[in-house]
Protein chains: 2
Amino acid sequence: MQIARSIHAVRDAVAAARSAGKTIGLVPTMGALHDGHFSLIDAARAGCDYVVVSIFVNPLQFGPAEDLDAYPRREAEDLAGCEAWGVDAVFLPSAEELYPGECLTEVRVERLSRTLCGASRPGHFPGVCTVVAKLFNIVQPDRAYFGAKDFQQAAILRRMVTDLDFPVEIVVCPIVREPDGVAMSSRNAYLTPEQRRQARALHAALKEAEASVLSHRPSAREVVAAIRGFLASHAPDGAVDYVQIVDPSALSDVEQTDAAILIALAVTFGRARLIDNLLVDASRPDG
Amino acid sequence: MQIARSIHAVRDAVAAARSAGKTIGLVPTMGALHDGHFSLIDAARAGCDYVVVSIFVNPLQFGPAEDLDAYPRREAEDLAGCEAWGVDAVFLPSAEELYPGECLTEVRVERLSRTLCGASRPGHFPGVCTVVAKLFNIVQPDRAYFGAKDFQQAAILRRMVTDLDFPVEIVVCPIVREPDGVAMSSRNAYLTPEQRRQARALHAALKEAEASVLSHRPSAREVVAAIRGFLASHAPDGAVDYVQIVDPSALSDVEQTDAAILIALAVTFGRARLIDNLLVDASRPDG
């Protein structure tokens, strides 16, 4: 496994693979790898000949009051994990390597970036788009792999790729969950045992909402109220940032639940902001 | 010479050239080609094995009150010119081909885009950056060629390439002028004979300013006042949009003229908005 800390080094590694006729898969991460990331690596290995994992805690996508400094860094464990998972190259740039000067250029996807997480994190998605555009230009992958937990991120990046004609296919992989349903996240490490127990309510609330949608198509407003009630009683230490029901493509709020919908929520426990979501297609016959 | 009207077709043409080991040069244009464009093609032929000229009047970079509809379209003449100049492929997409849906994604370069032409054309440079990012992703050239008449555009695109790590080298070629000094521009076609006569004042004012800077280093304020006075008497039908003296890299206004400076101006005659500029390095010994 090659470890590249410079743009130059990772470009050389990829160029060698490409000239050997290999297709390139990129798994962009912020490190602190968990089974969600490893599922992306599995998908990349299944879909591409040469797999690059990037590990970079991107300052551009953190707000001034957010957890940039606290975000877990575990380089040695991450490298061992990548090695064990058959990764071909890890791109591990420093902040100085990726942003040698002030980055005056910003890539933003209008509208899709203003709802859900974007409403309370205004600079987040422009920061994500900008660093992913950089990674695409550096690695020039054929396919890039993202997790469905960050559903909005994937929708925005798909749109960026379409609008700017990046020659990259975005592959979105299912959410990987702990045995009790909690979506895997590097930020789960911030939780106290009691917060971790209450965090089960996020997925549980989504599953209750799904059952209710599939059984009697309540209005979106009713579903949101039910989820908020569930969270209030099962996760009393969590502050709800949003609970929204949106069209999965446009990410715009819907009023009815009789088509394919995304139910998405964000809840903060102390300094841990957790997100989760569930796609429900109530247009299909109810099993 | 290949004529590609679809993204698919131009990608195929470039891929064939690339797999034959050729380097790719891109000359992005809005058509209505003149000797300024042909000098870019010459430079691309000298620097690359395979030259692609794109011809696309990009609606994103025109303001609502600007000349999108009036902008000259001369496809047959442009194709004949490209053929005569040894171009390998012309990419001639329709607006529907490049923007099949609404383009929600925008690439912008902060600060550099707010001064000079950007001050009165707020959406112009984001529109330029967005379409050039698309062209770079479609053609994936090794080098792209731009004219120094659009000095600010070249500075912004260089910054975009640096900040987003596009694997493209930006090459800026000197302004090509008519025998009387007027910078070549597709928009010169809008001028009446009297306006065309007065348009000589743009370059003449810049040359007077250069002589004054090289002889006694006046303050930037004095130079701007002198240029405005010159334009008022020699181009009375022109409305001055700006006369600015800036640092050639940061494009920020300077007060002194004792270093390398860019003197830039924009003057509108009727519907023709003309720009011109001159780099002056007064830090060199005065000849």
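## Helix H10 of chain A

A residue is called exposed here if 12 or fewer other C-beta atoms lie within 10 Å of its own, and buried if 20 or more do. In this predicted model, that distinction separates two sides of helix H10 of chain A: the face turned away from the buried side carries the exposed residues A:Arg221, A:Gly229, A:Ala232 and A:Ser233, whereas the buried residues of H10(A) are A:Val223, A:Ile227 and A:Leu231. These buried residues lie on the same side of H10(A), because they cover an arc of only 70° around the axis.

The helix itself runs over residues 220-234, and its 15 residues reach 21 Å from the first C-alpha to the last, which is close to the 21 Å expected at 1.5 Å a residue. On its buried side, the packing partners are helix H9 (200-216), strand E8 (239-246) and strand E9 (260-269), which belong to chain A as well.

## Strand E6 and its neighbours

Strand E6 of chain A, residues 143-147, is largely enclosed by the rest of the structure, since four of its five residues are buried. Strand E2 (residues 24-29) of chain A is joined to E6(A) by two bridges, and the two strands run parallel; in this pairing A:Leu26 stands opposite A:Ala144 of E6(A).

E6(A) also pairs with strand E7 (residues 169-173) of chain A, again in parallel, through five bridges, and here A:Tyr145 stands opposite A:Val171 in E7(A). The connection between these strands involves helix H7 (residues 151-164) of chain A, which together with E6(A) and E7(A) makes a right-handed β-α-β unit.

## Two residues with positive phi

A:Arg111 has a phi near 65°, a positive value in a residue other than glycine, and is placed in the loop between strand E5 (105-109) and helix H5 (117-120) of chain A. This residue counts as partly exposed, because 14 C-beta neighbours lie inside 10 Å.

A:Leu251 likewise has a positive phi in a residue other than glycine, with a value near 60°, and lies in the loop between E8 and E9 of chain A. With 22 C-beta neighbours inside 10 Å, however, A:Leu251 counts as buried, whereas A:Arg111 counts as partly exposed.

## Domains of chain A

Chain A is divided into domain 1, covering residues 2-173, and domain 2, covering residues 186-278. The centres of the two domains, taken over C-alpha atoms, are separated by 26 Å, and the contact between them takes 16 residues from domain 1 and 14 residues from domain 2 of chain A. On the side of domain 1 that touches domain 2, H5 and H7 of chain A each supply at least two residues; H7 of chain A is thus named both in this contact and in the right-handed β-α-β unit with E6(A) and E7(A).

## Contact between chains A and B

The contact between the two chains takes 22 residues from chain B and 22 residues from chain A. On the side of chain B that touches chain A, the elements that give two or more residues are strand E5 (105-109), helix H6 (124-139) and helix H7 (151-164) of chain B. Of these elements, E5(B) provides the largest share of that side, namely five residues.

Notes
Residues are numbered from 1 along each chain as its sequence is written. Chains are lettered from A and ligands numbered from 1 in the order in which they are written. This is a predicted model: local features need pLDDT of at least 70, side-chain atom pairs count only at pLDDT 80 or more; totals for chains, interfaces and linings use all residues. The expected span of a helix is 1.5 Å times one less than its number of residues. The arc is that of the directions from the helix axis to the C-beta atoms. Two residues are in contact if their C-beta atoms, placed from the backbone, lie within 7 Å. Two strands pair if DSSP finds at least two bridges between them. A crossover is right-handed if, with the strands pointing away from the viewer, the path from the first strand over the helix to the second runs clockwise. Domain bounds come from an automatic or database domain assignment.
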